[in-house]
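Me: I'd love to go through this structure with you, one question at a time. Shall we start with a single strand and work outwards?

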Amino acid sequence: MQHMSNPSVAVASHASRRVSAPFSTSSSSPSHFSLLYDLAAADERRMNPEARQRYAEICGTRWNSCRNRRGRAEGTMSIHIVALGSECPGGVGSGEEAAGQGQVQGSLLWSYLGHGARELDPTSTTPSRHPLNPAFMEYQSRVFGDVRVMVRDCPSWDLLDSDWASVRSVLEQADIVVIKYSVNDKIAFQQVRNGYAPRLRPLLRHWGMPVILVAVGARLNDEGPPCTCPLCASDWSSCVPHGEGLQLSRDLGATYLELPSLNNFFVGRYFGSVLEYFMIQCLKQKAKERPDKRRGHRFNEPRPPHLDQPARLPPVRVEESSFSQDLQWLLERGVQFADVVFYAGDSGKELGWAHAAVLCAISPYFRQLLVGRQAWERPMSRCACRERDGPHSLLSTWDGGLDDLPRPDGHLPGPLSRLVVKDPLLCLCLWETLMFLYRGAWEWEYLEEAIAEKLKNPLAVAQLMDRIRSFVGREKASRDTPTPRSQQGPQTLGNLFNSPLYSDVIFMVQGNVLPAHRAVLVARCDVMAAMFSGKYAEARSRVVPIHGVSSDTFLAFLEYLYTDTCCPASVLQAMAVLVCAEMYQVKRLQHLCEVCVCAYLQSMPSRELASTSISVIRLLRRAKCHNADQLYVWLLHFIANNYLIFSHKPDFLELSEEEREQVERLRWPSRGYLQELSEYQQRRRQLRKSRCSIM
């Protein structure tokens, strides 16, 4: 790779154009490179001292004229700069001797200010210290003619740990923050990046002040002369790479610079240009904040009324998911709908009951075991062992007839599947394994604790855990790898949704056939549990007609029961699902639909809200009719916050007297503000007429 003599130009060699847009200190913008492009192509007239002086006079003209208008008693404009870190390799030590006179006069900002820099107390033999925090050394100078620059420099990061509260107060008063480090001191850089940058980042982003991150020094290379190319990786082990410094600047929202040395060329042209730009921006901002006294009659003008922010909309709360608890209840008490029975392979003892639909949805092993072949392909009255892809068979199916198997009281008629547990460890811990699968097959730590408490043998626990991992299709090596964030949480029954696999009930909705599973419906919905468990016609019929609900709405309702999620496509569909959830008394789904309605309405801009065909007043009526109390209160506040939009709609008159009183009480803008605004506009017109008559 061909090395370049100038590091800053090396970064910006392919774009030597002048950037006219203002510099941005946002971490997401490419201002770090744009600034280097601008500096690399700077006009050579900036190197001329006479041209620099004329430039300073032009920049300072506005500020001097502003100062003269305000009078001498108000003083000159000033800029406060806070510098952190040391540009010397190895940093500085702690204590008074660490920041001596030579250290101050050899710093980056002292070099930029040049002969005009002086300490606050020239008669003192030691550097001037900040009265609240002695870690900061203070000195000042004049720029742009008569603009005072106050610098507070802290070369040692360790000194900031003594009193962080006072450091915050010093940083809060700063207009510009300069952070320095040496590229040949990687340990100090890592300390700043890992220890101090996380503490400074929220403060700098909150105050919004410009930040300059300066890397000083040439990277050392043992094989030859010092390498100045920021893309060279030969000395990254001992020096700070260019990429790490740039990443730190992005994290802090800072402008990044690299200076090979502190000579007049690099300090004056590169660092000075950036610092002068930010100083000019600060002076402009301060000039805007000063009251304008050029027209004295403005003090006699009426002041506009203050408009308060609209009241915050009330929150809509949603209960925590009970999906795992519902399936656990199904395993413990839903024997009436079970269609799988487990037997011990050695003794033939019955071990427990389960549901084929749930096992097939969660476990690929059971899906292959129970659905791998069709029922008519199974040989009757004999053992049909199906070896899984592995040396050890854990379970086997056995069809010994459908009528010779005793069933619990109240069990519905239907095909049953026998599973023979051949593994002795799995026989002992079958209940814990089924509980783990029913709760979503993700609580591995609790499963291991329950098995360890029962087996009392670490080797047996490890063997059984590996076999259970084969149930859910998880490889043996994946137990030591972290689970991806997208896979954290219980598995749902999405594979069974709208699937005929092990379906034992069919819903007829508007002529559409929707297959479902009684076990899932009973576990997730109390109304359906009563419907399929009692002496109703639905309990004995395989086809159940549904009236009063559209096919899409009922399909979205079933999707929530299987997946525990709800994603309606529009406000009207969300309200339709809310009505269906209220019909079947699924409170959590009802609250999720309320959140969806609120999110859709709140995302609409004012123009769309005024022209939409959706009647918010009628949504309010339906929310009250279907016991959506949270949505009802939220819509009242939403109408009040957008009073000027909804008050002109015809359906606004449909509000009851009580609702209208509440909307008038919460309306924004308030009647008082509109009255004050009318009076303010009237006074403005009168004042304008009086001026015209005088002229």
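Me: How many bridges join β13 to strand β14, and do they run parallel or antiparallel?
Reply: Happy to help, and do keep in mind that this is a predicted model. Strand β14 covers residues 512-516. Its pairing with β13 is antiparallel, and the number of bridges joining the two is five.

Me: Which residue in β14 is the bridge partner of phenylalanine 507?
Reply: Phenylalanine 507 belongs to strand β13, which spans residues 505-509. Its bridge partner lies in β14 and is leucine 514.

Me: Which residue in the hairpin of β13 and β14 takes a positive phi?
Reply: Two residues sit between the strands of this hairpin. The phi in question is near 55°, and the residue that takes it is glutamine 510.

Me: What about β15: in which sense does it pair with β13, and which of its residues does isoleucine 506 stand opposite?
Reply: Strand β15 is made of residues 543-546, and four bridges link it with β13 in the parallel sense. Opposite isoleucine 506, the β15 residue is valine 543.

Me: Why is β13 largely enclosed by the rest of the structure?
Reply: Buried here means under 20% relative accessible area. Strand β13 has five residues, and it is largely enclosed because the number of them that are buried is four.

Me: Nice! Stepping back to the chain, what percentage of its residues is buried?
Reply: The chain's secondary structure comes to 28 helices and 15 strands. It has 695 residues, and the buried share of them is 47%.

Definitions and conventions: Residues are numbered from 1 along each chain as its sequence is written. This is a predicted model: local features need pLDDT of at least 70, side-chain atom pairs count only at pLDDT 80 or more; totals for chains, interfaces and linings use all residues. Side-chain values use heavy atoms; hydrogens and water are left out. Buried means under 20% relative accessible area, exposed over 50%, partly exposed in between (1.4 Å probe, protein chains only). Two strands pair if DSSP finds at least two bridges between them.
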